[in-house]
Amino acid sequence: MVSYFATCSCLSDRKQFPSFFRTIPSDAFQVRAMLQILRRFGWTWVGLLISDDDYGRHTAHSFQSDLAHSGGGCLAYLEVLPWGNDVAEIQRIVSIMKKSTSRVVTIFAHQSNMLNLMEEVVRQNVTGLQWMASEAWSTAIVLQTPSYMPFLAGTLGIAIRRGEIPGLRDFLLRIRPDKDTLSNQDNNLVKQFWEHIFQCKFVSPGLEFEGQTRERLCTGNEVLRNIENEFLDLSNLRPEYNVYK
């Protein structure tokens with residue numbers, strides 16, 4: 001098995017996982033980088049939040065262990081972010097963050113964990129924190145919103161390496177529905193993509209005038225090159241670059 005996104009350091013155990021390989025560094029590297037950033041700025045009193053899975057637990061263990069060995073600081077608190085919108089638990093965690101004398105918060109969690117957390121941070125108006133982001137959420141577009149910026153501005157994070165994939169844009173621009181789109185199951189994704197991008201609808205031949213849809217009909221001749229959307233934005237290929245590798 002070759003993974004482009006699994007960073008858990010637990011998977012580096014060659015005895016347990018002799019056939020596992022990856023094109024992304026393990027969390028041991030980002031933990032080391034996080035600690036170097038903390039030392040660089042002299043931040044020695046740090047809060048730590050983690051996701052409730054192997055990713056969070058293993059990074060927490062490594063972070064605590066390396067922090068203790070380096071003698072560079074202590075944890076003010078360690079809290080596990082719940083899966084799902086557990087309002088009471090999230091309120092409790094944010095209250096701890098708000099009352100703590102630590103102004104630095106390091107988070108090894110996923111963007112879904114962060115969305116629930118940030119809603120409560122905004123509600124309780126917890127400002128003045130220096131956030132340290134793991135690669136799982138540091139570049140998440142969903143967190144780059146006007147409502148979160150007063151709280152997350154200035155966040156430092158570890159990002160997955162970005163790279164260019166030669167020929168990818170030309171390949172994407174050649175994608176288009178063919179004459180078999182409506183009948184061939186293999187083309188179903190192309191059909192869905194086309195309808196989403198051009199805000200139109202494919203209908204079965206002969207049924208165009210039977211009231212099957214009130215939406216604009218897709219012709220299949222629309223020009224993809226003229227459309228501005230995230231599908232053709234190749235400026236920030238991170239996990240995709242690991243797939244390519």
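**Salt bridges, ring contacts and enclosed space**

D52, D54 and R57 are tied together in a network of salt bridges. The model behind this and everything below is a predicted one. In total, the structure holds five salt bridges.

Helix α3 is a good place to pick up the remaining charge pairs. R92 sits in this helix, which covers residues 87–99, and its side chain has two acidic partners to discuss. One is E79: here the closest N and O atoms are 2.6 Å apart. This pair bridges distant parts of the chain, since E79 belongs to strand β4 (residues 74–81) while R92 belongs to α3, with their positions 13 residues apart in the numbering. The other partner is E89, whose side chain meets that of R92 at 2.8 Å, N to O. This second contact stays within one element: R92 and E89 both lie in α3, three residues apart, or about one turn of the helix.

How buried or exposed are the residues around R92? R92 itself comes out at 36% relative accessibility, so it counts as partly exposed. E89 is also classed as partly exposed, because its relative accessibility is 25%. E79, on the strand side, has a relative accessibility of 13% and therefore counts as buried.

A further bridge turns up in helix α4, which runs over residues 111–124. There R123 pairs with E120, and the closest N and O atoms are 2.8 Å apart. The two residues are three apart in the helix, again about one turn. Their surroundings differ, though: R123 has a relative accessible area of 56% and is therefore exposed, whereas E120, at 7%, is buried.

Turning to the rings, the structure holds five aromatic pairs. One of them joins W194 and F198, with 4.8 Å from centre to centre and 45 degrees between the planes, which makes the pair tilted. Both residues come from helix α7 (residues 188–198) and are four residues apart, about one turn of the helix. W194 and F198 are both buried.

Rings also meet charges in this model. The charged end of R14 is placed over the ring of F21, at 5.0 Å from the ring centre. Another such contact puts the charged end of R32 over the ring of F29, this time 5.2 Å from the centre.

Next comes the open space. The largest pocket contains about 730 Å³. It is lined by 29 residues, and those closest to the pocket centre are T139, N236, R238, P239 and E240. Helices α6 (168–173) and α8 (239–244) each contribute at least two residues to this lining. What is the make-up of the pocket lining by class? It divides into 18 nonpolar, six polar and five charged residues.

As for enclosed space, there is one cavity of 30 Å³ or more, and the largest cavity holds about 40 Å³. Which residues line the largest cavity? The set is L35, L38, R39, W43, L67, S70 and G72. By class, the cavity lining has four nonpolar residues, two polar ones and one charged one. Helices α1 (27–41) and α2 (54–70) each supply at least two of the lining residues, and α1 provides the largest share, with three.

L35 gives a handy view of how this cavity lining is put together. The residue lies in helix α1 and has a relative accessibility of 5%, so it counts as buried. G72, which also belongs to the cavity lining, is 37 residues away from L35 along the chain, yet the C-alpha atoms of the two are separated by 8.3 Å.

Methods:
Residues are numbered from 1 along each chain as its sequence is written. This is a predicted model: local features need pLDDT of at least 70, side-chain atom pairs count only at pLDDT 80 or more; totals for chains, interfaces and linings use all residues. Side-chain values use heavy atoms; hydrogens and water are left out. Rings of Phe, Tyr and Trp (its six-membered ring) pair if their centres lie within 6.5 Å; planes under 30 degrees apart count as stacked, over 60 as edge-to-face and the rest as tilted. Buried means under 20% relative accessible area, exposed over 50%, partly exposed in between (1.4 Å probe, protein chains only). A charge sits over a ring if NZ of Lys or CZ of Arg is within 6 Å of the ring centre and within 35 degrees of the ring normal. On a 1 Å grid over the protein atoms alone, a cavity is a set of points where a 1.4 Å probe fits but cannot get out, and a pocket is an open set with protein on both sides within 12 Å along at least five of seven lines; lining residues have an atom within 4 Å of a point. Grid points are joined across faces, edges and corners, and a volume is the space filled by probe spheres set on the points. Ala, Val, Leu, Ile, Met, Phe, Trp, Tyr, Cys and Pro count as nonpolar, Asp, Glu, Lys and Arg as charged, and the others, Gly among them, as polar. A salt bridge is a side-chain nitrogen of Lys or Arg within 4 Å of a carboxyl oxygen of Asp or Glu.
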